[in-house]
Structure formats: C-alpha cells, structure tokens
Amino acid sequence: MLTACGLGGSDREADDTAPVTETTTSAPDFASPTLAVIKARGRLNCGVHEGLVGFAYTDNRGQWRGFDVDFCRALAAAVLGDPNAVRFVPVSNAQRFEALRSGRADVLWRETSWTLSREAQEGVRFAGINYYDGQGFMVRRALNLTSAQELNTARVCVQRASTSEGNVADWFRARGLEYRKVEAVSAEAAAAAYGREECDALSADISALAAARTTLASPDQHMILPDVISKEPLGPAVKRGDEAWTSVVRWTLNALITAEELGVTSENVDAQVEEATDPRIRRLLGVESELGPMLGLSNDWARRAIKAQGNYGEIFARNIGVDSPLDLERGLNAQWNAGSGGLIYALPIR
C-alpha cells in the first residue's frame, strides 16, 4: 500500500554502496578584503565632511571633532583596538562616492542620505542609519514668518547639484508656489550667501541649518521654520562588493545603539564586563558567545568601541545634543522605547 501511494519503495533497488551526499552546507567565507587591508595598514581611512559644526570639523588645535568623527573613531577601536588609528579624509559632495570607489576612503561617514539612486548608481552600499534628518528652511526672525508656505516668491539659497536643490524644487512645485533659486557650489557657500543677505531663506538638512546658524554673526536672529519637506536618513556608506565589511560597519553602529538601550556607557563598560548578569549585555561585551570572530574581529570589539567614544546617546549629546552648541533635541533620533517614541532601533546582537 505504501508503495502504491508512492510513500515507500521504488522501481530501483537501493544502492547501499553509493556515497552519501551531504544535505547541509558549510558557512560561507565571510572574510573581508577591506578589513584585511585596514589591518595590514594599521589605520582606518574615514571619509568625512570638509567642515560642518557638530558633525565633522577641526578644532583650534587641528583635532577632528563631531558626531560623524566619533563614529569613525569607534569603528577604528572596534577594528584595530585604537580609536586614534584613523586618517580623516575630508570630501565634498561631489567627491564622496568616488573616494569610496577609488579606495581613498574605507567608509564614508559624512551626512549622506540613503536613497535608491545612490545605492543603484554610485557603486556603494549603506550600512545603516545613524541620524534621521529632514530638510527645512532657515529665515531671519525679522521676516516674522511662521511657515514655509509664506515663502512664495522668496529667494532661496541652496547647494547646487544636491538632493536639497531637488527637494526645494519639488516642494514649491507641488504647492504651486514660486521662488527664486540662489545656487551655491557648496553647503558652506550657500550658508555664506545667506549670511550676506543674498537670499531670504537657506534650505538644507535641519541638522546642517542648526550648524550653519552657529556660524552667523547673531545666531539668535535666525530661526528654523517648523516645516520638514523631506526625509533624509543619514548613515555610513561603503564600497559595493565587500559584504563582510558592510557588516562590520553595520554591527559596530548597532553595538553603540544597543549599548545606550541597555545602559552600557563609556564609564561603566569595564565594570559591566565583571558584574553584568543580563545575557544581552554579556553577549554585547563578548563575555558570552563568540560573535566578534564571526565578523573577523576580536570578541571584545563592541566593548572597545563603547569604551572609546561612548554609546549612541553619549555621542549624540556631546556633539549635537544638550551638551553641545547645536542643542538639537533627540526627536526621531530617540531610542525606539523612549517615551517620545523615536526611530533609533538596534538590530539584535545574538
């Protein structure tokens, strides 16, 4: 009966001498050529903004500072064990993707929005999102504006050949409003033109507007309008073709986000190694499991990154949040389980 139903037996005799075929597959080779080059070189090359207060800039002593800079240093600590083993490569909007493709930069941590066209055409892959931004408008308080809807026929300064330029055009067109575009070759040039009153409004990512405001002669005389005209998910990018290196960058970012969620800081991380009973913390810090070697890193990779620069919240507060001149609210960049319901959500480290 079993044979008739096709559930047992066959027309052929079983060959007991035939070799057994494995039905399982071995784990894929996860070696990263980029990681190998970085380790041999002994230094991470990190592409950053040429100069944006709060995100990437040099201080009076010529030292690189900022939100993006700290993520570069954390990555260097995770990969090389030394947060100072970084060469910062300042790149413009036009240069940034070529810097990755040519190998001049190993990773781009430079206020770059993750878009379909960039992923499809620029030869790069995005490893995650470390800042949820949006484009807006900054105007002089003396204009007494309450909404960008009141900018009809206004002169708007914007960076040429940028997503900001396209977003402004789309926003005015969709509302049937007119405006006069004042183009500038760079974000800095656009801000400078606004400062010279060559335009009525400056349009850029809101984080960039907050940074630009601090450089004006009288910052309090300028305001950022409440309108947010685009979604700008900013995050690190790497050259296409090295999946394993993409994972190293992605999971280092997730480790810093996870650390904030679990209360692990630069100050208590060493104590947590000895005292933590939460299995999530013990996995994160390499006390349990062997997660680091899966990425080609030491088992304490995340611990080194956290100890070097702090968790996500520490990096945010120090550079662009409450402990900085920008004083940006966490907003969408709050942890997912915060009372305000932010979007910062770490992938599970297990």
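Start by selecting helix α6, which gives the most residues, five, to the lining of the largest pocket. The model on screen is a predicted one.

**The largest pocket**

Keep α6 (187–195) shown and add α5 (163–174), β11 (201–205) and α7 (206–214); these are the elements that each give two or more residues to the lining of the largest pocket. The pocket holds about 520 Å³ of space. Its lining is made up of 35 residues, and those nearest the centre are His49, Glu111, Gln159, Ala187 and Ala208. Colour the lining by class to find 14 nonpolar, 13 polar and eight charged residues.

**The aromatic cluster**

Next, select Phe55, Phe67, Phe71, Trp109, Tyr131, Tyr312 and Phe316, which ring pairs link into a cluster. The whole structure has 17 aromatic pairs.

Zoom in on Phe67 and Tyr131. Their ring centres are 6.0 Å apart and their planes stand at 75 degrees, so this pair is edge-to-face. Phe67 belongs to helix α2 (residues 67–80) and Tyr131 to strand β7 (residues 131–133), so the contact ties together parts 64 residues apart in sequence. Both Phe67 and Tyr131 are buried.

Turn to Phe316 on helix α12 (residues 312–319); Phe67 lies in α2, so the pair of Phe67 and Phe316 ties together parts 249 residues apart in sequence. With centres 6.0 Å apart and planes at 85 degrees, the rings of Phe67 and Phe316 are also edge-to-face. Both of these residues are buried.

Now add Arg330, which lies over the face of Phe316 at 5.1 Å from the ring centre. For another arginine placed over a ring, select Arg140, found over the face of Tyr194 at 4.3 Å from the ring centre.

**Salt bridges**

A search of the whole structure finds 16 salt bridges. Three stops follow.

- Select Arg101 and Glu122, which form a salt bridge with their closest N and O atoms 2.9 Å apart. Arg101 is in helix α3 (residues 96–101), while Glu122 is in the loop between α4 (116–121) and β6 (124–126). Arg101 is partly exposed at 33% relative accessibility, and Glu122 is partly exposed at 25%.
- Select Arg155 and Asp200, a salt bridge whose closest N and O atoms are 3.1 Å apart. The pair links strand β9 (residues 154–159) with the loop between α6 and β11, 45 residues apart.
- Select Arg160 and Glu183, whose side chains meet in a salt bridge at 3.1 Å, N to O. Arg160 sits in the loop between β9 and α5, and Glu183 in strand β10 (residues 179–184).

To finish, add Glu165 and Lys181 to that last selection: Arg160, Glu165, Lys181 and Glu183 are linked in a network of salt bridges.

Technical notes. Residues numbered from 1 in each chain as written. Predicted model: local features only at pLDDT ≥ 70, side-chain atom pairs only at ≥ 80, totals over all residues. Heavy atoms only, no water. 1 Å grid on protein atoms, 1.4 Å probe; cavity = no way out; pocket = protein on both sides within 12 Å on 5 of 7 lines; lining within 4 Å. Points joined across faces, edges and corners; volume = space filled by probe spheres on them. Helix = DSSP H or I, 4+ residues; strand = E, 2+ residues; numbered from the N terminus. Nonpolar A, V, L, I, M, F, W, Y, C, P; charged D, E, K, R; others polar. Phe/Tyr/Trp six-rings, centres within 6.5 Å; stacked < 30°, edge-to-face > 60°. Buried < 20%, exposed > 50% of the residue type's maximum accessible area, 1.4 Å probe, protein only. Lys NZ or Arg CZ within 6 Å of the ring centre and 35° of its normal. Salt bridge = Lys/Arg side-chain N within 4 Å of Asp/Glu carboxyl O.
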